[in-house]
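Here are a few friendly notes to read alongside the model. They begin with one charged pair and then widen out to the whole chain.

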Amino acid sequence: MSSQPIPDSPPTALARETVVLASTSAARRAMLASAGIAMEAVPAHVDEETLRRRLKAEGADAARIAAVLAEDKARAVARLRPERLVIGVDQILECDDGATLDKPKDRADAARQLAALSGKT
């Protein structure tokens with residue numbers, strides 16, 4: 001029986017390759033860095049607000065909106081770096097009452113979101 005090398009696990013393989021993060025989020029960069037993944041952060045110039053509004057009008061739930069936004073960002077950046085692995089991400093919080101909270105636009109919006117979440121678990 002011939003001995004064949006065991007393929008690298010994804011984290012090991014990713015640690016050798018520089019991936020492209022379709023985001024300039026400091027938190028997302030830190031997560032990848034702490035996992036030992038070399039990356040280049042490239043902003044995805046996508047009209048998120050228009051896409052988000054359209055998806056909400058179509059009745060998409062928070063998970064669908066986040067997935068579509070992440071894919072759109074990844075595709076936009078992949079056009080700039082076609083030879084590289086591109087990671088697109090997005091997140092949306094969906095509350096029990098069906099309201100969704102996105103990244104706050106400013107400090108006042110952040111304060112409003114925190115107040116809306118106050119006392120909820």
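1. Let's start with R84, which is partly exposed at a relative accessible area of 26%. (Buried means under 20% relative accessible area, exposed over 50%, and partly exposed in between, with a 1.4 Å probe and protein chains only.) Its partner is E40, also partly exposed, at 24%. The two side chains meet in a salt bridge, 3.3 Å from N to O; the term stands for a side-chain nitrogen of Lys or Arg within 4 Å of a carboxyl oxygen of Asp or Glu. This pair links distant parts of the chain, 44 residues apart: R84 sits in the loop between α4 (62-80) and β3 (86-87), and E40 in strand β2 (residues 39-41).

2. A word on the basis of these notes: this is a predicted model, in which local features need pLDDT of at least 70 and side-chain atom pairs count only at pLDDT 80 or more, while totals for chains, interfaces and linings use all residues. Residues are numbered from 1 along each chain as its sequence is written, and side-chain values use heavy atoms, with hydrogens and water left out.

3. Next, have a look at E48 and K73, whose closest N and O atoms are 3.5 Å apart in a salt bridge. Because E48 lies in helix α3 (residues 48-57) and K73 in helix α4, the pair ties together parts 25 residues apart in sequence. K73 is buried, with a relative accessible area of 7%, whereas E48 is partly exposed at 22%.

4. What separates R52 and E49 within helix α3? They are 3 residues apart there, so about one helical turn lies between them. Their salt bridge has its closest N and O atoms at 3.3 Å. R52 is buried, with a relative accessible area of 8%, and E49 is partly exposed at 33%.

5. The pairs in points 3 and 4 belong to a network of salt bridges that links E48, E49, R52, R53, K56, K73, D90 and D102. In total, the structure holds 12 salt bridges.

6. Now for the overall layout. The protein chain has 5 helices and 5 strands, which are DSSP runs numbered from the N terminus (helices H or I, at least four residues; strands E, at least two). Their order from the N terminus is α-β-α-β-α-α-β-β-β-α.

7. Finally, some totals. Of the chain's 121 residues, 26% count as buried. Taking contacts (heavy atoms within 4.5 Å) between residues at least 6 apart in sequence, 42% join residues at least 24 apart.
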